[in-house]
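Hi,

Here is the structure I promised to pass on to you. Have a look at it first, and then read my notes below.

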Amino acid sequence: MTEHVIVSLEKGVQTLTLNRPDKKNALTPEMYGALADGIERAERDPNIRVTLITATGDAFTAGNDLADFAKAGATPVDAKPETKPHVTRFLENIAAAEKPLIAAVNGLAVGVGVTMLLHCDLVYAGASATFQMPFVNLGLVPEAGSTLLLPRLIGMQKATDLFLTGKKIGAEKAEALGIVAEVFPDNALPGEALARAQALAAKAPNAVRITKALLKGKDRALVAAQSQAEAAHFGAQLRSAEVKEAISAFFEKRPADFSKL
């Protein structure tokens with residue numbers, strides 16, 4: 001467990017709160033582990049009907065901590081972890097969860113902070129929330145089955161635009177595209193999201209699970225296969241000269257130069 005993810009349970013709703021506000025809630029391996037554990041706990045605990053993912057501070061999450069990407073890039077290509085990485089557990093768990101997952105997005109959501117939302121059953125956002133997937137800008141490729149899920153959700157042209165440009169969009173645009181179910185004033189978001197989560201938790205649990213399965217079940221094998229394909233490319237790119245240049249540029253606060261690569 002880590003202090004960077006706060007876990008609470010009230011009226012059938014397990015809330016997982018990202019709590020690393022000084023780093024814009026950038027995700028570390030320990031945070032991924034706590035999130036993965038929370039989803040696994042919800043699946044086996046009958047007292048948990050819904051899981052709500054939210055965050056403290058002015059950001060939902062800035063995505064994966066780039067310092068961890070830099071460390072991963074220094075690992076030999078053929079290195080094999082003794083256990084499944086926490087990030088893999090988390091991405092597999094959100095894709096396979098049978099109970100409802102809700103996200104309340106406050107402030108910026110970057111990278112995996114957006115792709116994880118594609119697996120949530122309901123996504124609510126504060127009015128100042130922003131959404132960005134700068135994978136290509138970092139020399140990386142999208143993950144979490146997003147190259148399958150996002151085009152299906154918003155159309156190929158819109159998805160390609162977001163993926164290849166890495167552009168940032170606001171909450172109103174995200175709602176119009178269908179990434180977000182509803183937008184609330186920033187100060188109302190926590191209460192509104194929790195109230196909706198608790199209302200869902202009070203409904204007939206078997207009917208809720210079956211309805212979710214009917215909505216998502218037929219695509220789960222396709223999503224898993226796409227996620228595996230993305231992960232293979234992601235891992236290779238993580239050790240590439242492109243990523244090394246992108247991360248160096250980020251920490252040196254300069255534009256990345258891919259002209260010689």
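What follows is a short tour of the cores, two helices and one loop residue.

Please keep in mind that this is a predicted model.

Let me start with the inside. The largest nonpolar core has 56 residues, and the members that touch the most others are F60, F90, V105, F131, L150 and I179. Helix α1, residues 29–44, gives this core its largest share, six residues. If you want one residue to centre your view on, try I179: leaving aside residues up to four places away in sequence, I179 is in contact with V123, L150, L153, I154, L162, I169 and A174. There is also a second core, separate from that one, with 13 residues, among them V13, F184, A193 and L200.

Next, helix α6, which runs over residues 156–165. Its buried residues are A159, L162 and F163. Viewed down the axis of α6, these buried residues stay within an arc of 95°, so they line one face of the helix. The general rule behind such a pattern is that an α-helix has 3.6 residues a turn, so residues three or four places apart point the same way. On the face of α6 turned away from the buried side you will find Q157 and L164, both exposed. The cover over the buried residues of α6 includes α5 (146–154), β9 (168–170) and α7 (171–177). After α6 comes G166, which has a positive phi, near 70°.

Helix α8 spans residues 189–201. Its 13 residues reach 18 Å from the first C-alpha to the last, close to the 18 Å expected at 1.5 Å a residue. Buried in α8 are L189, A193, A197, Q198, L200 and A201. Around the axis they cover an arc of only 160°, which puts them on the same side of α8. Two of these names may look familiar: A193 and L200 are included in the second core.

Finally, a loop residue. Where does K24 sit? K24 is in the loop between β2 (13–18) and α1. K24 has a relative accessible area of 33%, and because this value lies between the 20% and 50% cut-offs, K24 counts as partly exposed. Not counting residues up to four places away in sequence, K24 touches D58, A59, T61 and A62. For A62, the separation from K24 is 38 residues in sequence, yet 5.6 Å in space, C-alpha to C-alpha.

Happy browsing, and do write back with any questions.

Best wishes

Key. Residues are numbered from 1 along each chain as its sequence is written. This is a predicted model: local features need pLDDT of at least 70, side-chain atom pairs count only at pLDDT 80 or more; totals for chains, interfaces and linings use all residues. Side-chain values use heavy atoms; hydrogens and water are left out. A nonpolar core is a set of buried Ala, Val, Leu, Ile, Met, Phe, Trp, Tyr and Cys residues joined through side-chain atoms within 4.5 Å. Buried means under 20% relative accessible area, exposed over 50%, partly exposed in between (1.4 Å probe, protein chains only). Helices (H or I, at least four residues) and strands (E, at least two) are DSSP runs, numbered from the N terminus. Contact means heavy atoms within 4.5 Å. The arc is that of the directions from the helix axis to the C-beta atoms. The expected span of a helix is 1.5 Å times one less than its number of residues.
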